[in-house]
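The following exercises concern residue environments and nonpolar packing. Each task is followed by a solution in steps.

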Amino acid sequence: MGKKVLVVDDEKSIVTLLQYNLKQAGYEVITEMDGEDGKNTALRENPDLIILDLMLPSMDGLEVCKELRQQKNFTPILMLTAKDDEFDKVLGLELGADDYMTKPFSPREVVARVKAILRRSQIQDDSAEQAEQKELEQLVISNLSIYPEQYEAYYGEKLLELTPKEFELLLYLAKNKGRVLTRDQLLSAVWNYDFAGDTRIVDVHISHLREKIEHNTKKPVYIKTIRGLGYKLEEPKVE
């Protein structure tokens, strides 16, 4: 099944025309003829793209677009209008629409716009995924480099000799850089204890880590003790 497109327009002839041409292009098509229904269907069905008319009963296209974005729904939107109005166009784009077409239009042009928007959206998704993957591949904090997939960590060029639990503790601290983590949180995350156990094991492993990454364990610059709370890993301050 192809990508799913939601068409929201109150003119039945336009809905029928778009539905036919989009299906011919290989898309799955769902339709609504009311703004409120269109918004609810968008949230429920999670389409890949929305073709949204500006003038709709119960809720106009601008309001639908605004409410979807406010609810963190960032499905690409192609907005349609019978008005050749520059203000509407600018406002629609400011509210989060991805593209804009004025009626009357050619069905072939709509399909071409849909393809272009989905292609851009896919490129953006791929870039975000690559960035996330890169983050998983390597975490860098000053001179400290951590490679989760390889289970390795380096200080500068030097490979650190870490036990599995020391590595997991360092990785968890790095993924939560700047956050204060309690001993119980660390115990639960790294040792999988879902109850308050002997937190001294955390202190011992923190001490071992400091011996391997700190120049002066009495004045650590990476792993800081937050008195009465726990620990946090932070970027060393440049003097």
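Two residues are in contact when heavy atoms of theirs lie within 4.5 Å. The model is predicted.

**Exercise 1.** Determine which residues Leu173 contacts, leaving aside its neighbours within four places in sequence.

*Solution.* Applying the cut-off of 4.5 Å, one finds Leu181, Leu186, Ile206, Leu209, Ile223 and Leu233 in contact with Leu173.

**Exercise 2.** Describe the largest nonpolar core and identify the element that supplies its largest share.

*Solution.* Step 1: the largest nonpolar core has 26 residues. Leu173 is among those with the most contacts inside this core, together with Leu144, Ile146, Leu169, Leu170, Ile213 and Ile223. Step 2: at least two residues of the core come from each of strands 6 (139-141), 7 (144-147), 8 (152-155) and 12 (230-233), and likewise from each of helices 6 (164-175), 7 (183-191) and 8 (200-213). Step 3: helix 6 provides the largest share, 6 residues. Step 4: a second, separate core comprises 19 residues, including Val7, Tyr27, Met101 and Phe105.

**Exercise 3.** Classify Lys4 as buried or exposed, and characterise its surroundings.

*Solution.* Step 1: Lys4 belongs to strand 1 (residues 4-8). Step 2: buried means under 20% relative accessible area; Lys4 is therefore buried, because its relative accessibility is 16%. Step 3: beyond four places in sequence, Lys4 touches Glu28, Ile30, Glu45, Pro47, Asp48 and Leu49. Step 4: a polar atom of the Lys4 side chain lies 3.1 Å from the backbone oxygen of Glu45. Step 5: the C-alpha atoms of Lys4 and Gly26 are 9.5 Å apart, with 22 residues of separation in sequence.

Definitions and conventions. Residues numbered from 1 in each chain as written. Predicted model: local features only at pLDDT ≥ 70, side-chain atom pairs only at ≥ 80, totals over all residues. Heavy atoms only, no water. Helix = DSSP H or I, 4+ residues; strand = E, 2+ residues; numbered from the N terminus. Buried < 20%, exposed > 50% of the residue type's maximum accessible area, 1.4 Å probe, protein only. Polar contact = N/O pair within 3.5 Å; in protein donor to acceptor, adjacent residues only side chain to side chain. Core = buried A, V, L, I, M, F, W, Y, C linked by side-chain atoms within 4.5 Å.
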